[in-house]
Amino acid sequence: MLLTACDSQTVYYHYRHTSLNGWERNDTLSFLTEPIKQSGHYAEELTLRTTANYPFMSLQLVVVQKILPSQEQRTDTLNCSLIDAKGNTKGKGISHYQYHFPLATLPLREGDRLYIAIRHDMKREMLPGVSDIGIKISKEDTSRASRAHEVSAGINAQEDEEQERESP
């Protein structure tokens, strides 16, 4: 199932379900994007849904990403903190809790595809209470970054002018 978002910058947003019996350690969830249509920097976000049956305060995940066709690969370990110090869930929801964790920002070229494989790295072989793992990929808005740089440059130029006027 492919979900599209209202945000025109989102190029991929997809979930994989885990078994109702629990997520086995050797059960890898994989994602494969369509070819990227426009070169640029893309921000990745891991999304997670749990139930009240999840027994831990955090979830450790191993995320392997491969850019195709270049075969460039990176592996990350993501520690997802789910419960705060007071014992309250950090997620949103009632019976299922939704979480969002930034993953990486990658430079991708037109035609590149991403293969992403995710598995849990918890001590339990069978992990109850994790219902879905998702990946969201959005193209970064370079015009916003460019405008921020222009504003910053303008402020620095103004400060330089003020310092020149004050110096003897």
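In this predicted model, I135 is in contact, once its neighbours within four places in sequence are left aside, with Y12, Y13, H14, F31, E45, L46, T47, L103, I116 and I118. I135 is also one of the residues with the most contacts inside the largest nonpolar core, a group that further includes L46, L48, L59, I118 and I133. This core has 32 residues, and the strands that each supply at least two of them are β3 (29-32), β4 (40-51), β5 (58-68), β6 (72-81), β7 (96-108), β8 (113-120) and β10 (130-139). Of these, β7 gives the most to the core, with seven residues.

Attention then turns to charged side chains. Side chains of opposite charge can pair when their charged atoms come close. A search of the whole structure finds five salt bridges, and R25, R119, D121 and E125 are linked in a network of such bridges.

Within this network, R25 forms a salt bridge with D121, in which the closest N and O atoms are 3.8 Å apart. Because R25 lies in the loop between β2 (23-24) and β3, whereas D121 lies in the loop between β8 and β9 (126-127), the pair ties together parts that are 96 residues apart in sequence. R25 counts as partly exposed, at 23% relative accessibility, and D121 is likewise partly exposed, with a relative accessible area of 31%.

The side chain of R25 also meets that of E125 in a salt bridge, with an N to O distance of 3.3 Å. Here too distant parts of the chain are linked, since E125 is found in the loop between β8 and β9 and R25 in the loop between β2 and β3, 100 residues apart. E125 is exposed, its relative accessible area of 52% lying over the 50% cut-off for that class.

A further salt bridge joins the side chains of D132 and R49, at 3.5 Å from N to O. D132 lies in strand β10 and R49 in strand β4, so this pair ties together parts that are 83 residues apart in sequence. D132 counts as buried, at 6% relative accessibility, because buried means under 20% relative accessible area; its partner R49, at 23% relative accessibility, counts as partly exposed. Both strands of this pair also appear in the description of the nonpolar core, to which β4 and β10 each supply at least two residues.

Key: Residues are numbered from 1 along each chain as its sequence is written. This is a predicted model: local features need pLDDT of at least 70, side-chain atom pairs count only at pLDDT 80 or more; totals for chains, interfaces and linings use all residues. Side-chain values use heavy atoms; hydrogens and water are left out. A nonpolar core is a set of buried Ala, Val, Leu, Ile, Met, Phe, Trp, Tyr and Cys residues joined through side-chain atoms within 4.5 Å. Buried means under 20% relative accessible area, exposed over 50%, partly exposed in between (1.4 Å probe, protein chains only). Helices (H or I, at least four residues) and strands (E, at least two) are DSSP runs, numbered from the N terminus. Contact means heavy atoms within 4.5 Å. A salt bridge is a side-chain nitrogen of Lys or Arg within 4 Å of a carboxyl oxygen of Asp or Glu.
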